[in-house]
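Student: I have the model open next to the sequence. Can we go through some strands and a helix?
Tutor: Yes, send the questions as they come.

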Amino acid sequence: MRNDGHPKGSWYAATAAIRLPVLPAPEGEVRTGVCIVGAGFTGLGAALALARAGVPCLVLEAARVGSGASGRNGGQAHPGHRQDQAWLEARVGAAEALRLWKLAEAARAHLADLLADVAPEADYRPGLIVARHRPGGEGADAAHIEHMTRVYGCEALSLVSPQDLAADLGTDVYHGGVLDRDGGHLHPLNLALGMARAVLAAGGGICEQTPALSWTRRGGAIEVTTPAGRIICDRLILTGDGYLTEIAGAARDRVMPINNFVLVTEPLGDRADQILRSGAAAADTRFVVNYFRKTADGRLLFGGGETYRQTYPADLAGYVRRSLVKIYPELASIRITHAWGGSVGVTLHRTPLVSSPAPGVSLAAGYSGQGVLLAPYVGDLLGRAAMGDEAASEALEALGRLPAPAFPGGRWLRRPLTIAGLTWYALRDRL
């Protein structure tokens, strides 16, 4: 779906604590060292690494800084990868899975540093609960926690009984779950804006309302075409996640945009003390995940529902409210002050797509809902690799070995085939 800027109903845009100067489009021919397409977490992470090292760089953003998935998502930071470590072990082997876990832990540390250094306004809060939406599963959760503790040294996970979960969440619709003390939640747009502010302060360039239309070789350099001019660079980094355009070439066959929706209630008042008492965020185990958290002023931010076509529901608030009241029926009449939607890029196996489609060109997308934690760090790796950092290049190669094949059906049939499959899994949530 096209991104024209921050959505009208976004609570994040309404409460952003950081204001950037006007970032106009370049005109004519501009020369830089590294051109980056997309001013979300990945692109800004790359630009920050480059600018702080004194490498000339320019970020081209088709809309506004952070106006894609980076500034629209639920704000939950999930440690690890979207697929659990047992799944990764089965696909890539134990040694490679361990390396990927270490990369995810490095991403978590990187995010903590970013929050302290460039975006304290993101208001990070610790704690993340994954709630089981069906009976059973406690044994599998216990085995997962034991495996993560024994093999990976992860001490942050603990079982939550149905009774304790009901007391914390303020609802009895779930059947227990897992608390991850290394997870948390934040204001994602403030994180993106803080990263952009730091890029500008370090001497990097950002141009808004500047779509990158195409790229080609020009002698030993790369030429990127925009509506108003050309960018000549030595290296090109392509990002964009669910907003990838034709400039990404065949990578678009490996990343599918799906639409997800979020609402924010009016302040809950006295009811705020009965919902999410621990202050953690929560997400459930449905294929189409419900996720929710409290804001600093006692509102409930709730995400739920997906669509797989180019259009949004006519009544976004009503669409998401249907999922909200299944969990909190007492909130059926509460006033919804904000509601918005956006696209997130998913891959067939929910593993990120990291690739080098041509010499001097890098691409990262398809975080499949894991972008708050992974994307800024992958961007940092891309920036460091562009400067010749071997460790960063090796880390990107490890991520690039994750399975992220093209969706079946090719360019024309992949969407209807994928919609059929995703709809089936969504229906299973209701059985």
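**Strands and a helix**

Tutor: This is a predicted model. Strand 13 (residues 256–265) pairs with strand 17 in the antiparallel sense, over ten bridges.

Student: Which residue in strand 17 does Val262 stand opposite?
Tutor: Val262 faces Trp340 there.

Student: And is strand 17 mostly covered or exposed?
Tutor: Mostly covered. Strand 17 spans residues 336–346, and nine of its eleven residues are buried.

Student: Other sheet now. What is the order of the four strands in the open one?
Tutor: The order is 1-11-10-9, with mixed pairing. Strand 1 (28–31) and strand 9 (214–218) each have a single partner strand, so one side of each lacks a neighbour in the sheet. On average, neighbouring strands of this sheet are turned by 25 degrees against each other, direction ignored.

Student: How many bridges join strand 10 to strand 11?
Tutor: Five. Strand 10 covers residues 221–226, strand 11 covers residues 229–233, and the two run antiparallel. Val224 stands opposite Ile231 in strand 11.

Student: Switching to helix 2. How many of its residues are buried?
Tutor: Eleven of the twelve. Among them are Phe41, Leu44, Leu48 and Leu50.

Student: What span should helix 2 have, at 1.5 Å a residue?
Tutor: Helix 2 (residues 41–52) should span 16 Å, and its end C-alpha atoms are 16 Å apart, which agrees.

Student: Which glycine follows helix 2, and what is its phi?
Tutor: Gly54 follows helix 2, and its phi is positive, near 80 degrees.

Key. Residues are numbered from 1 along each chain as its sequence is written. This is a predicted model: local features need pLDDT of at least 70, side-chain atom pairs count only at pLDDT 80 or more; totals for chains, interfaces and linings use all residues. Side-chain values use heavy atoms; hydrogens and water are left out. Buried means under 20% relative accessible area, exposed over 50%, partly exposed in between (1.4 Å probe, protein chains only). Two strands pair if DSSP finds at least two bridges between them. Axes are lines fitted to C-alpha atoms, for helices over the stretch in contact, and angles run from 0 to 180 degrees between N-to-C directions. The expected span of a helix is 1.5 Å times one less than its number of residues.
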